[in-house]
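Grab a pencil and work through these short exercises. Each one comes with a solution, taken step by step.

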Amino acid sequence: MTTKPAAAAARATVYGYPRQGQGRELKKAIEGYWKGRVTADALRATAAGLRRTAWRQLADAGVDEVPTGDFSYYDHVLDTTVMVGAIPARHRDAVAADPLDGYFAMARGTKDVAPLEMTKWFDTNYHYLVPELGPDTVFVADSAKQTGELKEALALGLTARPVLVGPVTYLLLAKPTPGVPADFAPLTLLDRLLPVYAEVLADLRAAGAAWVQLDEPALVQDRTPAELDAAQRAYRALGALTDRPKLLVASYFDRLGEALPVLAKAPVDGLALDFTERAAANLDALAAAGGLPGKRLVAGVVNGRNIWADDLSASLATLGTLLGLADRVDVAASCSLLHVPLDTAAERDIDPLILRWLAFARQKTAEIVTLAKGLTSGTDAIAGELAANRAVLASRANSPITRDPAVRARTGAVTAADARRAQPYGERAAAQRAALGLPLLPTTTIGSFPQTGELRTARADLRAGRIDTAGYEERIRAEIQEVISFQEKTGLDVLVHGEAERNDMVQYFAEQLVGCLATQHGWVQSYGTRYVRPPILAGDISRPEPMTVRWTTYAQSLTVRPVKGMLTGPVTMLAWSFVRDDQPLADTARQVALALRDEVGDLEAAGTSVVQVDEPALRETLPLRTGDRPEYLAWATEAFRITTSGVRPDTQIHTHMCYAEFGDIVRAIDDLDADVISLEAARSHMQVAHELAAHGYPREAGPGVYDIHSPRVPSAQEAAGLLRTGLAAIPAERLWVNPDCGLKTRGWPETRAALENLVAAARTVRGEL
Ligand code: GLN
Ligand code: ZN
């Protein structure tokens with residue numbers, strides 16, 4: 001295909017860039033500041049240097065308009081809270097005394113004051129700090145951070161566009177301040193918030209902004225007519241301002257749906273839309289809405305949240321179609337590049353041939369620039385780039401890594417029976433009761449025990465060659481011995497080996513599966529200074545050999561009580577990795593499920609009578625649009641059942657999920673057909689037990705009675721109280737006693753005390769039955 005040159009030159013831009021720096025300098029500076037080893041001035045200087053480097057990188061690559069204000073010491077939603085002056089009352093003194101320390105107090109809490117709640121940024125693995133708003137909230141504009149960073153970029157001679165969280169999304173992400181009735185809707189504060197945005201916009205214009213971007217990703221979710229109406233009012237009001245820069249309203253992560261005509265008709269100057277596969281419907285919807293006459297369209301054609309090289313010809317075709325729909329079309333990634341690592345060039349351990357399949361932030365930037373050039377000057381101007389891109393795509397498509405005939409034959413042969421246990425739950429429960437001989441209210445844990453400094457040192461020693469594999473495994477066995485003997489002494493009923501050998505519950509398995517890649521420097525911000533290195537599920541997945549069996553059987557050899565085998569489920573494996581984009585997620589999930597099914601089978605054959613398959617991510621990867629959820633839940637629950645359905649009736653399958661909001665997936669939890677589920681419940685006073693009961697959940701459940709997110713040790717009375725609450729919803733024959741989640745982040749002293757109290761509580765309540 002040849003694209004004719006566009007009338008106006010297309011500009012290349014991005015909405016945000018990784019914040020941390022190539023060597024995670026930002027993490028080091030911030031954590032150093034917390035420990036008192038780095039001064040505030042030094043931290044500010046490091047941050048300014050990182051911003052400068054990022055802007056230069058973008059500009060040198062050919063980006064025409066760089067983003068500003070996307071940088072953050074912790075989180076851009078928290079920055080927005082500061083920008084609109086919505087500081088919670090409990091943090092006001094700290095913020096007044098020292099804005100930087102007050103900022104970190106809001107993010108992390110202090111010994112006296114609780115932080116803001118943290119939750120997931122849409123369906124990404126980034127977490128934001130939830131604004132707390134109430135009827136008494138007074139907004140006050142504080143544009144210093146935004147104007148300051150804009151001026152820094154302008155001083156470098158760059159064209160810069162401040163990026164702000166939009167007012168509607170900000171309010172929709174907020175929750176009522178503690179103490180305010182839960183049905184208070186922060187969106188009712190819109191009229192109070194808009195003047196503050198007006199002030200910030202005027203300040204930004206005065207500071208030199210020609211354009212400002214307002215991000216409204218909340219509008220890609222299902223919205224009520226009242227919410228859409230609020231969006232309409234917001235952009236009518238902001239558009240009508242006279243003292244303002246041009247406004248670009250951005251959305252990403254999905255299609256805009258009903259919000260598209262609302263924004264298209266708003267008196268703003270441009271829209272930025274996601275045109276990647278998941279938001280493909282935006283294209284037809286935009287055409288149906290009559291395009292964007294007189295407006296600028298920023299086309300997010302390069303996937304900003306995955307790590308695969310773009311199909312440049314396909315993107316160019318999309319861009320060509322869009323040319324007919326707006327006054328001017330610019331090129332961008334679908335969302336901020338915050339969600340991908342910085343640079344593939346830092347990877348030394350990945351085969352150079354495969355490395356070319358990947359595009360991290362720097363590579364995506366180059367793709368965007370190439371596309372803008374192609375759009376402006378025609379395909380001939382980028383003929384070399386297009387040819388190279390075709391070669392990369394062909395190499396990926398034809399690689400034996402992405403096409404393993406044995407894996408494909410096996411996934412193709414899966415039948416409905418493979419995803420169903422042979423016996424109904426009632427029969428299984430009886431067989432398990434007979435085989436396991438557990439007391440009522442059996443006690444167990446979720447899997448991991450404290451990951452001590454020694455364990456991490458041992459892993460680092462192994463990597464650095466200071467100890468050999470035999471030496472490392474010796475240390476792991478010693479740890480397992482300790483964990484087993486502690487559990488026996490404490491009187492737990494179903495034991496675990498403690499997961500000492502695992503660096504991470506996804507990475508550990510990814511490293512052992514064929515078809516997965518690990519990166520050395522592929523860090524992505526999860527929250528604050530916590531960065532993760534998601535594995536890349538790059539090819540067809542298979543399991544060359546057992547992954548956990550020897551540790552579980554070693555643990556079992558030390559005790560006569562049952563030791564639970566411990567696996568990460570297929571949905572969580574996908575959710576916490578970068579996933580291939582050349583086949584449906586359901587197909588990848590099925591491949592992972594079959595590999596895990598073999599592991600479950602090997603555990604059973606080696607004498608394991610209880611196997612837990614963790615799916616903490618089942619809830620978090622729910623599609624943003626409710627209409628898309630049934631299809632997701634169908635393949636996700638099927639993958640779990642493929643993993644777990646090959647076992648005997650007397651082998652007990654457990655699953656585990658974190659997070660408290662289960663309302664919309666109770667049905668799916670039922671569809672997993674696990675014999676036992678453990679869930680987070682301590683902080684919500686066993687609410688989930690009641691939700692399960694209300695749904696008529698027929699199987700066994702362990703709502704957590706110990707909140708492992710805090711070092712606080714619950715007393716035996718407190719745990720017993722929670723158990724009694726649980727018993728009001730779930731009968732004793734089906735109620736388990738366990739903590740909320742794994743103990744890997746806890747220290748040994750509180751773990752010991754809490755589990756002793758948990759066992760004591762179970763004994764007390766058993767005595768009352
Ligand atoms: N088995 C894992 C552990 O105990 C589960 C962790 C999780 O659900 N996030 O650490
Ligand atoms: Zn958990």
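**Exercise 1.** Find where UniProt places the feature "binding site", and work out how the positions sit in space.

*Solution.* Start with the record: the unreviewed UniProt entry puts "binding site" at His656, Cys658, Glu680 and Cys741. UniProt positions follow the numbering used here, feature names are shortened, and annotations may be inferred rather than shown by experiment. Next, look at the spacing: the positions spread over 86 residues of sequence, yet they cluster in space, with a largest C-alpha distance of 8.7 Å.

Bear in mind that this is a predicted model, where local features need pLDDT of at least 70, side-chain atom pairs count only at pLDDT 80 or more, and totals for chains, interfaces and linings use all residues. Residues are numbered from 1 along each chain as its sequence is written, while chains are lettered from A and ligands numbered from 1 in the order in which they are written.

**Exercise 2.** Decide whether Cys658 is buried or exposed, then list its contacts.

*Solution.* First, locate Cys658: it's in the loop between β19 (652-657) and α25 (666-671) (helices, H or I, at least four residues, and strands, E, at least two, are DSSP runs numbered from the N terminus). Now count: Cys658 is buried because it has 20 C-beta neighbours inside 10 Å (buried takes 20 or more other C-beta atoms within 10 Å, exposed 12 or fewer, partly exposed in between, with C-beta atoms placed from the backbone). Finally, skipping neighbours within four places in sequence, Cys658 is in contact with Pro616, Glu680 and Cys741 (C-beta atoms, placed from the backbone, within 7 Å).

**Exercise 3.** Do the burial count for Glu680.

*Solution.* Glu680 is in the loop between β20 (676-679) and α26 (687-695). Glu680 has 24 C-beta neighbours inside 10 Å, so it counts as buried.

Notes
Two residues are in contact if their C-beta atoms, placed from the backbone, lie within 7 Å.
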